[in-house]
Amino acid sequence: MKRAQKNKIGSRENGIKTTPKSDERKARFEAVVESFPNGLLGVDSHGRIELVNEELEKMFGYSRLELIGKPVEVLIPPRFRSEHVNLVKAYFLAPTAKILGGGRDLEGVRKDGSTFSVEVGLRPIVGGGTLRALAAISDITKRKKIESDLRRSNEELEHFAYVVSHDLQEPARMIASFAEMLRQDYGTAFDERGQRWLTHITDGATRMRALMNGLLSYCRVGTQELRWQSVNTDQVIKDVLDDLAMAIKESRAEVSVDKLPDVMGDQNLLRLLFQNLISNAIKFIPEGRQPLVKVEAWQDGRFFKFAVKDNGIGIEEEYFSRIFVIFQRLHGITKYPGTGLGLAICDKVVKRHLGRIWVESTPGTGSTFNFTLANKVKFE
Ligand code: ADP
């Protein structure tokens, strides 16, 4: 008797009087649940379905009568069901609000057996002395498709850029070397204007080769298999400073390096990262100023934060994100030579290590390029 009454709360037939106000509130609640744009599913602490809205019926192809009282696993593909029973138990021992499916793929199964990708927002509800959970379920099939199309088209684009830059290298090399031979063997036969044009051909071909080399290494950074290992960044910096010895000497740069940690990563890519940042720190300096570069690192939870600081020309805030985009440069190549690929490569290296890179800068005073790297943890 008690149970029957409980199930019929709010109805007039069972003798419990409801005020017009509570009727109104109930109707409003039902209208909200029914018009909710996502599927809504209420389950009790044993994982049995208590509440279903119209959108959920449409999404899974069941009527609510077919679902109420059933275990929630009926909406999950059979291969995940036994694991899900344990997950429900664990959830009700430590209930929290959370989004499921953001990082990994979650699937729902329709009445006709077909499956689809879902994202689930879960919230515990305490009321009347019982614990329940409310799940908002979204069908993310379209989003997944768009994401995978985008991934595929990015891969195709990278492959295209790789093939183009690789295949154009040889003709560019030929133009550069034949123009140089022309200058050496027949240079005196040209007047001043002819000499100037010859110089333009050589410069153009040399730049084309530099751009294509940059593009090739950009593509490689994106596609090559990472060789994960513990990397001694102190040693990496020493190698980079050896490579940059000439530029350091010419600019009288002073590069100071803190004791740096070992990190997990791909040694060659990390070398490329430091090389680009330190060479930029030396390059983008006002005329007559001695470059002072500092490399530092701190531990930050599961990550290490690195910083490459300079006292160079600095960058206006409006360009802070644009400079990491491929071919974006803020100056003419005669003043500061370059291809506009260095920071795009750095961005890609850091992202492949699941870190992030950003710049802080004061124009005229200097810039700090910060990035994070995993702390001895393999993420891939
Ligand atoms: P590149 O060095 O070949 O021009 P990058 O991708 O390395 O290309 O850098 C993109 C642009 O960002 C540079 O052209 C420059 O305008 C700006 N930049 C990069 N590093 C610095 C720095 N340390 N100080 C000031 N500007 C910088």
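In this predicted model, Gly121 of strand β5 faces Ala136 in strand β6. The two strands belong to an antiparallel pairing held over 10 bridges, with β6 covering residues 130–139. Together β5 and β6 make a hairpin that leaves two residues between the strands, and in its turn Gly128 adopts a positive phi of about 60 degrees.

Strand β5, which covers residues 115–127, also pairs elsewhere. Strand β3 (residues 98–100) runs antiparallel to β5 and is joined to it by three bridges; here Leu100 is set opposite Val120. A further antiparallel partner of β5 is strand β4 (residues 106–109), and four bridges link these two. Within this pairing, Glu107 sits across from Ser117. The hairpin formed by β4 and β5 has five residues between its strands, and Gly113 there has a positive phi near 90 degrees. For a reader tracing the chain, β5 is thus a convenient landmark, with β3, β4 and β6 as its antiparallel partners.

Attention now turns to the helices. Helix α6 spans residues 141–186 and includes Ser165. Is Ser165 buried or exposed? Ser165 counts as buried because its relative accessibility is 1%, and the cut-off for burial is under 20%. A polar atom of the Ser165 side chain lies 3.2 Å from the backbone oxygen of Tyr162. Leaving aside residues up to four places away in sequence, Ser165 touches Met212, Leu215 and Leu216. These three contact residues are themselves among the buried residues of helix α7.

Helix α7 takes in residues 192–223, and its length can be checked with simple arithmetic. At 1.5 Å a residue, its 32 residues should span 46 Å; the end C-alpha atoms lie 47 Å apart, so the expected and modelled values agree. At the N-terminal end, α7 is capped by Asp191, which places a side-chain oxygen 3.2 Å from the backbone nitrogen of Arg193.

Which residues of α7 are buried? They are Gly194, Leu198, Thr202, Ala205, Met212, Gly214, Leu215, Leu216, Tyr218, Cys219 and Val221. An α-helix has 3.6 residues a turn, so residues three or four places apart point the same way. The buried residues of α7 pack against α6, α10 (267–283) and α11 (342–352). The contacts of Ser165 with Met212, Leu215 and Leu216 give a close-up view of the packing between α7 and α6.

Key
Residues numbered from 1 in each chain as written. Predicted model: local features only at pLDDT ≥ 70, side-chain atom pairs only at ≥ 80, totals over all residues. Heavy atoms only, no water. Pairing = 2+ DSSP bridges. Buried < 20%, exposed > 50% of the residue type's maximum accessible area, 1.4 Å probe, protein only. Polar contact = N/O pair within 3.5 Å; in protein donor to acceptor, adjacent residues only side chain to side chain. Contact = heavy atoms within 4.5 Å. Expected span 1.5 Å × (residues − 1).
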